[in-house]
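Work through the exercises below with the sequence and the model open. Try each task before reading its solution.

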Amino acid sequence: MTPDTPDTPWLIAGLGNPGPWFRQTRHNAGFLAADRLAERHGARFRRRGIATLVAEIEVDGRPVLLAKPLWFINLSGRPVAALMRRYGVPVERLVVVQDDLDFAFGSAKLKRGGGPGGHNGVRSVGEVLGTRDFVRLRFGVGRPPKGQSVGDYVLKRFSDDELAAMPGELDRCADALETLVRLGLSRAQDALNAPAR
């Protein structure tokens with residue numbers, strides 16, 4: 001088992017699909033959150049391991065890896081597991097950032113464990129690791145309108161109104177992720193899950 005010390009890195013893996021066509025689609029909310037956190041710290045993504053982009057940052061002196069697996073979202077497990085082995089990241093310090101249909105846009109939740117809720121990227125990570133005991137940040141993208149399939153909906157671009165609000169929503173998520181690293185899950189949940197005022 002990997003020692004859990006202040007020098008043990010965190011891995012924040014944003015899930016999404018590679019390529020410019022998918023960049024602002026709902027299924028790429030995880031990529032967008034990872035990008036925002038990297039921007040805040042002036043970090044650049046570079047290719048590492050098996051088809052993954054990685055940026056390295058520090059939060060109050062604690063090492064944090066930001067990752068964007070470049071295999072398609074349903075196959076996210078192997079790249080995430082490979083990074084964990086390479087950098088000695090225990091499952092307790094893995095955070096998966098995903099889009100979530102069960103929450104309206106503008107809602108986000110942090111939790112540890114639980115089922116994938118129909119998200120195949122989260123399912124892939126759990127299956128490859130053999131555990132679901134990692135933290136998930138679930139970024140709300142809302143439900144598809146009547147008559148539209150889930151598959152089509154998550155691969156559609158965010159609306160113009162949503163894109164206009166996106167910087168603020170991503171900053172809320174970035175704040176929560178930094179709080180998680182600094183102060184733990186309970187404090188980060190209190191901050192992120194509190195009702196908007």
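Contact means heavy atoms within 4.5 Å. Helices (H or I, at least four residues) and strands (E, at least two) are DSSP runs, numbered from the N terminus. Buried means under 20% relative accessible area, exposed over 50%, and partly exposed in between, with a 1.4 Å probe and protein chains only.

This is a predicted model, where local features need pLDDT of at least 70, side-chain atom pairs count only at pLDDT 80 or more, and totals for chains, interfaces and linings use all residues. Residues are numbered from 1 along each chain as its sequence is written, and side-chain values use heavy atoms, with hydrogens and water left out.

**Exercise 1. Find the buried residues of helix α2 and state what they pack against.**

Step 1. Locate α2 at residues 77-87.
Step 2. Pick out its buried residues: G77, P79, V80, A81, A82, L83 and M84.
Step 3. List their packing partners. These are β1 (10-14), β2 (46-48), β3 (52-59), β4, β5 and α3.
Step 4. Look just past the helix end. G88 follows α2 and has a positive phi of about 65 degrees.

**Exercise 2. Write down the strand order of the sheet and find its edges.**

Step 1. Apply the pairing rule: two strands pair if DSSP finds at least two bridges between them.
Step 2. Read off the order. Seven strands make an open sheet, β2-β3-β4-β1-β5-β7-β6, with mixed pairing.
Step 3. Find the edges. β2 and β6 each have a single partner strand, so one side of each lacks a neighbour in the sheet.
Step 4. Add the twist. On average, neighbouring strands are turned by 30 degrees against each other, direction ignored. Axes here are lines fitted to C-alpha atoms, for helices over the stretch in contact, and angles run from 0 to 180 degrees between N-to-C directions.
Step 5. Check one edge. β2 pairs with β3 in the antiparallel sense over three bridges. R46 has V54 of β3 as its bridge partner.

**Exercise 3. Describe β1: is it covered, and which strands does it pair with?**

Step 1. Count the buried residues. Five of the five residues of β1 are buried, so the strand is mostly covered.
Step 2. Sort them by direction. W10, I12 and G14 point one way, L11 and A13 the other. In a regular strand, side chains alternate between the two faces of the sheet.
Step 3. Pair it with β4. Four bridges join the two strands, which run parallel. A13 stands opposite A67.
Step 4. Pair it with β5. This pairing is also parallel, over four bridges. I12 has V95 as its bridge partner.

**Exercise 4. Is strand β7 enclosed or open, and what lies beside it?**

Step 1. Check burial. Six of the six residues of β7 (residues 135-140) are buried, so the strand is largely enclosed by the rest of the structure.
Step 2. Split the directions. V135, L137 and F139 point one way; R136, R138 and G140 point the other way.
Step 3. Take the β5 side. Six bridges join β5 (residues 94-100) to β7 in parallel. Q98 is bridged to R138.
Step 4. Take the β6 side. β6 (residues 108-112) pairs with β7 in the antiparallel sense over five bridges. K109 stands opposite R138.
Step 5. Add the helix. α5 (residues 160-183) lies across β1, β3, β4, β5, β6 and β7, at about 165 degrees to β7.

**Exercise 5. Compare the surroundings of K68 and L170.**

Step 1. Place K68. This lysine lies in β4 (residues 62-69) and is buried, at 10% relative accessible area.
Step 2. List its contacts beyond four places in sequence: G14, F31, A34, D35, F45, A51, T52 and L53.
Step 3. Place L170. This leucine is in α5 and is buried, at 7% relative accessible area.
Step 4. List its contacts, again beyond four places in sequence: L32, A33, R36 and F139.
Step 5. Add a distance. The C-alpha atoms of L170 and D35 are separated by 9.3 Å, with the two residues 135 apart along the chain.

**Exercise 6. Where is D60, and is it buried or exposed?**

Step 1. Find D60 in the loop between β3 and β4.
Step 2. Read its accessibility. At 59%, D60 is exposed.
Step 3. Check phi. The angle is near 50 degrees, positive in a residue other than glycine. Most residues other than glycine have a negative phi.
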